[in-house]
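Dear colleague,

I am handing over the structure we discussed, together with a summary of what was found in it. Please read the notes below with the model open beside you.

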Amino acid sequence: MIPGTSVAGMIRDVEICEVGPRDGLQMLKGIMLTEKKKAWISALAAAGLPEIEVGSFVPPKLLPQMADAAEIVAHSRTLGSLKVAVLAPNAKGAIRAIEAGAHKITMPLSVSRSHSLANVRKTPDEMIGEIRESARLRGESPSRPIIEAGLSTAFGCTIEGSVAGSEVVRLAVAAIEAGADEVGLADTTGMANPQQIKRVIADVRREIGDRLTGVHLHNTYGLGLANALAAYDAGIRTFDSSQAGLGGCPYAPGASGNVVTEDLVYMFESMGVRTGIDIGKLAEARRIVTEAFPDEPVYGHVPAVGLPKYFSPA
Ligand code: ZN
């Protein structure tokens, strides 16, 4: 395999989307230089990640780390069959993402009104308007990227506490009616438990079927992998995760990083569920991050202890 390319035609039972370059970097104090970011994304693609969320189209003055998002998208588009995903918090960001050539645009739609106002300064229903406008703009573009509504705080909010399942379902339906292609459920705060994961997935599925595609899980209480397995058992086949467990949300105080990519891949592969990802090559990508941020805490059981002696991937 040529370094920097992902493998086309790889058989996968699940799709793992690496969100470290977006969710991870947005929480770090230091800035990762553009060239380092490109090298990291290339290494992740070379390890077989089918999808990477490479950045977000937010105003650069709010998040200087993401000022190079268009350049990063352009680079990522050269990496074989990699699906290049980005985040856009409104229609203005979606226009920039479309122009940059992203394949998928995730728009955050917080189920919690308080989190939504803090994170994007809009109510959930105002965000539905942004999704509608973005879907319209996408329809007029030649590249026609996928638009995903990422339902943030779908399992609990650090500001409001518990979140009504009925509201998750209502917003999922509203997002699809507004023109979103897909809905993802995000445990932004890491407050979900496996039983809740199964229940909410079933409730949302009942209304929008296969338009519910993925989950985005944080590991705040150490339940990330348990929740991923619960989601898998409930029929989900697309999972966000972050290398070294980087990540968080500036408006979800106390929420820690995402499910660790290395551990998630290991869990699936050890169960015989094919990810198409080479765990050994993930280590090379991880080194780029740990060298860039030597003082940041990094997570992961597999990187800490190594693979079991008799481990053979699925
Ligand atoms: Zn997140």
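In which loop does A244 lie? A244 is placed in the loop between β8 and α10. Please note that this is a predicted model.

Backbone

A244 has a positive phi of about 65°, although A244 is not a glycine. Most residues other than glycine have a negative phi. With a relative accessible area of 0%, A244 is buried. A second residue other than glycine with a positive phi is R144, where the value is near 45°. R144 belongs to the loop between α6 (124-140) and β5 (146-151). The relative accessibility of R144 is 52%, so R144 counts as exposed, the cut-off for that class being over 50%.

Zinc site

The zinc ion has three residues named as protein donors: D23 through OD, H216 through NE2 and H218 through NE2. These donors lie 2.0 to 2.1 Å from the ion. Along the chain, the donors follow the spacing D-x192-H-x1-H. H216 has a relative accessibility of 9% and therefore counts as buried. H218 is likewise classed as buried, at 2% relative accessibility.

Aromatic pairs

Three aromatic pairs are found in a search of the whole structure. One of them joins Y232 and F268, whose ring centres are 5.5 Å apart; because the planes stand at 55°, the pair is tilted. This pair links distant parts of the chain, with Y232 in helix α9 (residues 224-233) and F268 in helix α10 (residues 261-270), 36 residues apart. Y232 is buried at a relative accessible area of 17%, and F268 is buried at 0%.

F268 also pairs with F239, again in a tilted arrangement, with 5.0 Å from centre to centre and 55° between the planes. Since F239 lies in strand β8 (residues 238-241) and F268 in helix α10, this pair ties together parts that are 29 residues apart in sequence. F239 and F268 are both buried. Through these ring pairs, Y232, F239 and F268 are linked into a cluster. In addition, R237 lies over the face of Y232, at 3.9 Å from the ring centre.

Salt bridges

How many salt bridges does the count give? The count comes to 18, and three of the pairs are described here.

K29 forms a salt bridge with E296, and the closest N and O atoms are 3.8 Å apart. The two residues come from distant parts of the chain: K29 is in the loop between α1 (20-24) and α2 (34-46), E296 is in the loop between α11 (279-292) and α12 (301-305), and 267 residues separate them. K29 counts as exposed, at 75% relative accessibility.

K38 and E71 meet through their side chains in a salt bridge of 2.9 Å, N to O. This pair also links distant parts of the chain, K38 being in helix α2 and E71 in helix α3 (residues 69-76), 33 residues apart. K38 counts as buried at 14% relative accessibility, whereas E71 is partly exposed, with a relative accessible area of 39%.

The salt bridge between K104 and E148 has its closest N and O atoms 3.9 Å apart. K104 lies in strand β4 (residues 104-108) and E148 in strand β5, so the pair ties together parts that are 44 residues apart in sequence. K104 is buried, with a relative accessible area of 5%, and E148 counts as buried at 9% relative accessibility. Salt bridges with shared partners join K104 and E148 with E51 and K83 into one network.

Surface patch and a strand residue

On the surface, M191, Y221 and L223 form a nonpolar patch; together they have about 300 Å² of accessible area. M191 is found in the loop between β6 (182-187) and α8 (194-208). With a relative accessible area of 31%, M191 is partly exposed. M191 is therefore just eligible for such a patch, which takes residues with over 30% relative accessible area.

V86, by contrast, is buried, with a relative accessible area of 0%. V86 has its place in strand β3 (residues 83-87). From C-alpha to C-alpha, V86 and L62 are 17 Å apart in space, and they are 24 residues apart in sequence.

With kind regards

Key
Residues numbered from 1 in each chain as written. Predicted model: local features only at pLDDT ≥ 70, side-chain atom pairs only at ≥ 80, totals over all residues. Heavy atoms only, no water. Patch = residues over 30% accessible without salt bridge, like charges linked within 9 Å, V, L, I, M, F, W, Y side chains within 5 Å. Areas by Shrake-Rupley, 256 points an atom, 1.4 Å probe, with all protein chains shown as cover. Salt bridge = Lys/Arg side-chain N within 4 Å of Asp/Glu carboxyl O. Helix = DSSP H or I, 4+ residues; strand = E, 2+ residues; numbered from the N terminus. Buried < 20%, exposed > 50% of the residue type's maximum accessible area, 1.4 Å probe, protein only. Donors = N, O, S within 2.8 Å, 3.2 Å for Na, K, Ca; no water. Phe/Tyr/Trp six-rings, centres within 6.5 Å; stacked < 30°, edge-to-face > 60°. Lys NZ or Arg CZ within 6 Å of the ring centre and 35° of its normal.
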